[in-house]
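Welcome! Shall we learn to read a structure together, one feature at a time?

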Amino acid sequence: MSKETFRNTELIQASLKKRYAREKRFQLYGQLAVLAGFAFLFILLFDIVSKGTPAFTQKYLLVDVHFSADKLGVAPGAGEEELSRANYSGVIKASLREMFPDVSSRSDKRRLYRMVSIGAEYDLRDQVLSDPGLIGQRKDVWLLAHSEAASYLKGQVSRESPEAERRVKDVQMDWLDQLRDDGRTRSAFNTLFFLEGDSREPELAGIRAALQGSFFTLLVTFLLAFPVGVFAAVYLEEFAPRNRITDLIEININNLAAVPSIVFGLLGLAVFINFFELPRSAPLVGGIVLSLMTLPTIIITSRAAIQAVSPSIREAALGVGASKLQTVFHHVLPVAMPGILTGSIIGMAQALGESAPLLMIGMVAFIMDSPASVTDPATVLPVQIFLWADSPERGFTEKTSAAIMVLMGFLILMNALAIYLRKRFETK
Amino acid sequence: MNANDSTAYGAVPEEAVGLDLNDHTAMDDYQTIGEPLVDNAKMSARDVNVFYADKHAIMDVSLDIGENQVLAMIGPSGCGKSTFLRSLNRMNDIIPICRVSGNIALDGEDIYASNQDTVLLRARVGMVFQKPNPFPKSIYENVAYGPRIHGLAHSKAEMDEIVEQSLRRASLWDEVKDVLDKPGTGLSGGQQQRLCIARAIAVSPEVILMDEPCSALDPIATARIEELIDELKERFTIAIVTHSMQQAARVSQRTAYFHLGKLIEVGDTKQIFTMPRHELTENYITGRFG
Ligand SMILES: Nc1ncnc2c1ncn2[C@@H]1O[C@H](COP(=O)(O)OP(=O)(O)OP(=O)(O)O)[C@@H](O)[C@H]1O
Ligand SMILES: [Mg+2]
């Protein structure tokens, strides 16, 4: 007996080594997998952040502007009406020519003018309108640089690359270098990015319209999907009889959660736009479509949250004579609410990042003005990113990454909120 | 008591009915020994059968609960005590697979009649559960909830009165009177159970069902609740399930012994504990079985 025991110990010890080695190996694979995942994530984030960060600064050129009445084409003492229609672009061009008198050829002149953004004209107009006394005077004015000039000033293009392949030509680089050496260039935080809608000019393009569009769309989504989802979950969990029909409904809800989102877009197009003739490109339709998409998520998570409520609370409520409805609304829902909210927030975060179904219902339009209501044409953040990513200009590349950063910021915020709610729920 | 205690063994009365545990045919139409019926019945069960799907959990049980009395139900785990207790206020209704047949009456009225409202029934037949289950709300709200949903108080002052009264009767008032707005879940286990008792008596039920109310409590808290049960029987009719023979002996006037879904023996608590007539009862209370 004791001999046998001894032998067993030996055998076990021999196998132990192998077992531990296997365990070690497995742990190593696991760590490698996690590492790989993090590496990809890091590369992605690094790429986006390094590309997107420059978009948050704007370059300005200090130009000695001569507000000549002649160039503006206005008579002395002109009214506001006339001043707002004056030729500010002519003034800018003339001022630039004066600063660089050597420029003579037509093509060089065009290049010179191209260093300043169109947006600068509106700045000048606003300045003149607020102070008509400027007319006839000279003044150093910071003018918004064109995105191409800005990209050189931000160091995104180098002289070494072949001239034919870049938009900023050598002459422009010379002028910009000269301006920089004279201290006539400056950087500032890009407020336009947050205050403006889309634009053909990268330096003027902003995400305001898309943000507002996303806000309206999500508002519609939330107002529809949350109450409908929660009530559906409460009904299915607490009141519906368990039979074939409810089983079928349950299976379908689970399947619905797996339907590709673009299918919901097609549905929205066919039903809401073509049949009900709701406005195209509007957050209303976008919100309805996204609510169809988020509904299964909300129903499933809400049911799970309701199921997780301890039956003893239900029994306690029923035991003092609460009706079923009272039990649910007074006791079950309040306890389940953090879980329901968590699920809803995750659903809303999915909706916020969704673009495919919105493309189908025409929310892909070029939108300069922020929508004022849910029926105005609008676009949303992910679609705006899609549009910019499609534009060849270098200026839009950085805008794309910057918009992704903003979108991710919101997603992180929403998920953090969800985690916070869950944590609070758990500690209770 | 010790299983090998010869005095306990020797105390088996001559007329004890012998029964082979494994002989199921002998159990099939078993007649309860003792006095299942009383004159002043508050609740009465007749030929009650309870099924969970195919499982026959309660078989042909007839039993009365006398008014202003404490009835203790004892028996080995899984014998159907909770099931029977829960059928007395239709708590089984919330279990979809549970079916109850037979007749259970409160003051002579069938509680399973189609026109019987479960909300009203549960207001009249309150329940205290094995595990303290206060609402995750304030202590005040825990007690006030029942009266509020039933509209028993017409003013804040009246409600305060009900809350204080109930907490006093549950002998919890002195401990919580300064922290009424604190969550009920923050109390100790024994305090929570007394809070649950206060919650149950706040709606002034006629019957209180208690399912092992002391199983989660220490001896001191248990003693307090036993005292409480003794006082409560002045106003209420009480049915209590317990695993503690001593508790049954201390608080109850009548005791019912269940075994495998059958009501084996009922009688005066004193008689059951000193002179059990059925072998199973005797084995159980002497600790040789269970
Ligand atoms: N919800 C349910 N579904 C199916 N069977 C159940 C259910 N509840 C109880 N049962 C069964 O019914 C029988 C009686 O259970 P019950 O809970 O009434 O026993 P008990 O006497 O209260 O036991 P304990 O002393 O352990 O609490 C058991 O065999 C149990 O398996
Ligand atoms: Mg039980």
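Below, a learner and a teacher talk through the predicted model.

Q: Let's start with the whole of chain A. How many helices and strands are there in chain A?

A: Chain A contains 18 helices and 3 strands. To judge its overall form, we can set its radius of gyration against a globule rule. The radius of gyration of chain A is 31 Å, well over the 22 Å that the rule gives for 428 residues, so the chain is more spread out than a compact globule. You can also look at the extent of the C-alpha trace, which spans about 105 × 65 × 40 Å along its principal axes.

Q: Into which domains is chain A divided?

A: There are two entries to find: domain 1 covers 58-188, and domain 2 covers 208-427. Their C-alpha centres lie 47 Å apart.

Q: Now to helix pairs. At what angle do helix H14 and helix H15 of chain A pack?

A: For a pair like this, look at the angle and then at the distance between the axes. H14 (residues 311-319) and H15 (residues 324-352) of chain A pack at about 160°, with their axes 10 Å apart. An angle over 145 degrees counts as roughly antiparallel, and H14(A) and H15(A) are therefore roughly antiparallel to each other. Their crossing is right-handed.

Q: Which residues make the contact between H14(A) and H15(A)?

A: On the H14(A) side they are Ile313(A), Arg314(A), Ala317(A) and Leu318(A). H15(A) contributes Thr327(A), His331(A), Val332(A) and Val335(A). By class, this contact of H14(A) with H15(A) has 5 nonpolar, 2 polar and 1 charged.

Q: How far apart are the axes of H10 and H13 in chain A?

A: The axes of H10 (residues 208-239) and H13 (residues 283-307) of chain A are 6 Å apart, and the helices pack at an angle of about 35°. H10(A) and H13(A) make a right-handed crossing. Their contact residues divide into 19 nonpolar, 10 polar and 3 charged.

Q: Let's try chain B. At what angle do the axes of H8(B) and H9(B) cross?

A: In chain B, the axes of H8 (residues 189-202) and H9 (residues 219-232) come within 10 Å and cross at roughly 15°. That makes H8(B) roughly parallel to H9(B), as angles under 35 degrees count as roughly parallel. The crossing of H8(B) and H9(B) is right-handed.

Q: Which residues of H8(B) and H9(B) meet?

A: Gly190(B), Gln193(B), Arg194(B), Ile197(B) and Ile201(B) of H8(B) meet Ala221(B), Arg224(B), Ile225(B), Leu228(B) and Leu232(B) of H9(B). The contact of H8(B) with H9(B) has 6 nonpolar, 2 polar and 2 charged residues.

Technical notes: Residues are numbered from 1 along each chain as its sequence is written. Chains are lettered from A and ligands numbered from 1 in the order in which they are written. This is a predicted model: local features need pLDDT of at least 70, side-chain atom pairs count only at pLDDT 80 or more; totals for chains, interfaces and linings use all residues. Side-chain values use heavy atoms; hydrogens and water are left out. Domain bounds come from an automatic or database domain assignment. Axes are lines fitted to C-alpha atoms, for helices over the stretch in contact, and angles run from 0 to 180 degrees between N-to-C directions. Helices (H or I, at least four residues) and strands (E, at least two) are DSSP runs, numbered from the N terminus. Angles under 35 degrees count as roughly parallel, over 145 as roughly antiparallel, 65 to 115 as roughly perpendicular and the rest as oblique. A crossing is left-handed if the near helix is turned anticlockwise from the far one by less than a right angle, and right-handed if clockwise. Contact means heavy atoms within 4.5 Å. Ala, Val, Leu, Ile, Met, Phe, Trp, Tyr, Cys and Pro count as nonpolar, Asp, Glu, Lys and Arg as charged, and the others, Gly among them, as polar. The radius of gyration is taken over C-alpha atoms; the globule rule is 2.2 Å times the number of residues to the power 0.38.
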